[in-house]
Amino acid sequence: MRLRTLTLAAASGAALLAAGVLPANASGTVRPATAQEGSVSAADLLAKVTSCSQISNGKYKTDDETSATVPVCGKNGAVFWKADMDIDCDGQRTSKCSESTDPWYQDDTAFHQSDGKPLRADSLPYVVVPSSSSIWNYSSAGIKGGGVVAVIYNNKVEYAVVGDTGPTKIIGEASYATANALGIDPDPETGGADSGVTYILFKNSQVSPIESHSAAVTLGDKLAKQFLANN
């Protein structure tokens, strides 16, 4: 739920240098990026989103300084966009996500765990959707908190949930854990990916409880199969 004022371009060199070193996860151990989650390949999902039927009333920026070039596109049972990935470290305060690690840190997320607490960005893969505006209203498109998202990068698939909302004119942001799982530098200040990330959000889906990543993977795999069959 932050407004990022710096682009990733300035940090791209550092991100590339760090690309071969995967950071520790919340338990302090290295979590290697997996080839994919579930049984549906990145290639099969990407083959279904090669063209865009734009459903947004205009396009989004990926950062404050960039021009608006990213539309929200519609498919049967899903919406998608192709953008960058800024790192969201909002929510529960941890050693990896706090004011000391993230200049834009906020101690809350738009959607909460089943116990009422904010989400935990360094351990839960989640995606940020733009707050509703005249450009696009995510809830009107069947997207809700806890909805399943297939995030694709570098031929890897990571299932996440819709966990937070962001600026009304900027798109392309996901949690520390999402980036970490995809092999993207998750540092909230210098990490992220400048481009090449595809977000496929499955309509009218909801993981319960929202903080269960295993439930997101199970439901995501089911919905991904349906997506391939219906598009």
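User: What percentage of the 231 residues in the protein chain is buried?

Analyst: This is a predicted model, in which local features need pLDDT of at least 70 and side-chain atom pairs count only at pLDDT 80 or more, while totals for chains, interfaces and linings use all residues. Residues are numbered from 1 along each chain as its sequence is written, and side-chain values use heavy atoms, with hydrogens and water left out. Buried means under 20% relative accessible area, exposed means over 50%, and partly exposed lies in between, with a 1.4 Å probe and protein chains only. By that rule, the buried share of the 231 residues in the protein chain is 51%.

User: Which pattern of helices and strands does the protein chain follow along the sequence?

Analyst: Helices (H or I, at least four residues) and strands (E, at least two) are DSSP runs, numbered from the N terminus. The protein chain holds 4 helices and 7 strands. Read along the sequence, these elements give the pattern α-α-β-β-β-β-β-β-α-β-α.

User: How many disulfides does the rule count?

Analyst: A disulfide is a covalent bond between the sulfur atoms of two cysteines, and here the term is applied to a pair of cysteine sulfur atoms within 2.5 Å. One such pair is C52 and C73, with an S to S distance of 2.0 Å, and C89 and C97 form another, their sulfur atoms 1.9 Å apart. When the bonded cysteines of the protein chain are numbered in sequence order, the pairing reads 1-2, 3-4. The count by this rule is 2 disulfides.

User: How many residues apart in sequence are the parts that the pair C52 and C73 ties together?

Analyst: The disulfide that joins C52 to C73 has a torsion of about -100° about its S-S bond, so it is left-handed. C52 lies in the loop between α2 (42–46) and β1 (73–75), whereas C73 lies in strand β1, so the parts tied together are apart in sequence by 21 residues.

User: Is C52 buried, partly exposed or exposed?

Analyst: Its partner in the disulfide, C73, has 3% relative accessibility and therefore counts as buried. For C52 the relative accessibility is 39%, so this cysteine counts as partly exposed.

User: Is the disulfide of C89 and C97 left-handed or right-handed?

Analyst: C89 is buried, with a relative accessible area of 0%, and C97 is likewise buried at 0%. The torsion about the S-S bond of C89 and C97 is about -60°, so this disulfide is left-handed.
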